Amino acid sequence: MSIAICIICYNRPDSLRRVFGSIERGCYDGDKVDLIVSIDYSGRDDVRNVADQLVWSHGDKRIVAYRHNLGLRSHVLKCGEFTKEYDGLIVLEDDVFVAPSFYLYARACVEKYSSDDRIAGVSLYSFGVNYHNMLPFVPLRSESDVYLMQNAQSWGQVWMTKQWSEFIDWYGNNNGDFHEMPHLPKSICSWKKSWLKYHTRYCIERDKFFVYPYVSLSTCFSDEGEHTAGTSTIVQVPLLHGVKRDYRLSPSVCYDSFFENVNLADFFGFADPEELCVDIYGEKDNRQERRYWLTRKIADYRILHSYGLRLKPVEQNIFNEVSGTDVFLYDVSESSPNRIKHSPFGFEQYLYNDFSGIKKSSKILFGKILKRLRNR
């Protein structure tokens, strides 16, 4: 089995030095791991000069420097061609930073999932924020070290030969711009120059998932650059410290592209999962017109169950049937005027632990990150 690392660069020499320093400190257990530094044309020589000076001690170093500007989307997709040479490709944009165990985790996942038709890729990054609405996200923990999510990743990811080839085949027929559709998050439909939105849409429409670690193996500095007006720490997440060699890769927890837990359909016992719209974060608004709707919204439909928001993460309140009037399960086939009121403990207070000012400051910072995502 062969795995390579690809660093995607443009015009940030200091960022290249930093990400290289983090991978050089990685643990490889004696494996031969090639390094590819892919540089889009910027009219400057400083990034190429840094790449030339890098001493890579774990395998061959290859520098690919383009003579004309590809743009981020084309550049990233071009790097995917290296999956034809390796079983797995660890892809790092230059403002990403990795934990010492990132390769060991990636290797374990490639060994486990390289032939799994349900898996589209592996994320090194673990979300701390739902990027659709800037609200905190905490995944439900299980005995496994990983969970599944229908979101592709750009802040540290692993592409595998078979999975990437299938995505590229799909992309060849679906690479035009697209607008809002009921099954897609509105936020990704607004990204103008993004490559990531296509990979995420592919996951949604082909019912595929990325493998996500509970403890992140990568984080992102969001350095100022071509598509970023300034820096922030809003997407910085805690990294796994030290060296971890053994990973339990039997995920039982699964999220869709809206950061909603898809296992809730099984909990309610619906024969067809497509009958239920899980919409606790409020981004779906039941646009697909499913019969059952789990939401915080007060609506004039028959309430089958209601729940309070006390336990964390949010699903624990459903699984443990916490009483309250914060979340409702409706049967939308039956109208029923509801005069019920939410409990005084609001959703944002629940998520933010009622720290005043956090939401406002997060909104400002996250606005900058969203600008960056729209151009990926």
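This briefing walks through the cysteines, the largest pocket and the aromatic contacts of the structure above. Please keep in mind that the model is predicted. It holds 0 disulfides and 38 aromatic pairs, and its largest pocket encloses about 590 Å³ of space.

**Cysteines**
- With 0 disulfides in the structure, C220 is unpaired too, and its nearest cysteine sulfur, in C9, is 14 Å away.
- C220 is also buried, at a relative accessible area of 0%.
- For C254, the closest cysteine sulfur belongs to C203 and lies 11 Å off, too far for a bond, because a disulfide needs the two sulfur atoms within 2.5 Å.
- C254 counts as buried as well, with 4% relative accessibility.

**The largest pocket**
- The lining of the largest pocket is made up of 24 residues, and Q150, D256, V262, E274 and R290 are the ones nearest its centre.
- By character, this lining splits into 11 nonpolar, 7 charged and 6 polar residues.
- Strand β14 (residues 276–279) gives the largest share of the lining, with 3 residues.

**Aromatic rings**
- Among the 38 aromatic pairs, F347 and Y350 are stacked, because their ring centres are 6.2 Å apart and their planes meet at 25 degrees.
- F347 and Y350 sit 3 residues apart in helix α10 (residues 347–352), so about one helical turn separates them.
- Both partners are buried: F347 has a relative accessible area of 9%, and Y350 has 2%.
- One aromatic cluster includes Y125, W155, W191 and F259.

**Charges over rings**
- R18 places its charged end over the ring of F221, 3.7 Å from the ring's centre.
- K197 lies over the face of F178, 4.7 Å from the ring centre.

Definitions and conventions
Residues numbered from 1 in each chain as written. Predicted model: local features only at pLDDT ≥ 70, side-chain atom pairs only at ≥ 80, totals over all residues. Heavy atoms only, no water. Buried < 20%, exposed > 50% of the residue type's maximum accessible area, 1.4 Å probe, protein only. 1 Å grid on protein atoms, 1.4 Å probe; cavity = no way out; pocket = protein on both sides within 12 Å on 5 of 7 lines; lining within 4 Å. Points joined across faces, edges and corners; volume = space filled by probe spheres on them. Helix = DSSP H or I, 4+ residues; strand = E, 2+ residues; numbered from the N terminus. Nonpolar A, V, L, I, M, F, W, Y, C, P; charged D, E, K, R; others polar. Phe/Tyr/Trp six-rings, centres within 6.5 Å; stacked < 30°, edge-to-face > 60°. Lys NZ or Arg CZ within 6 Å of the ring centre and 35° of its normal.
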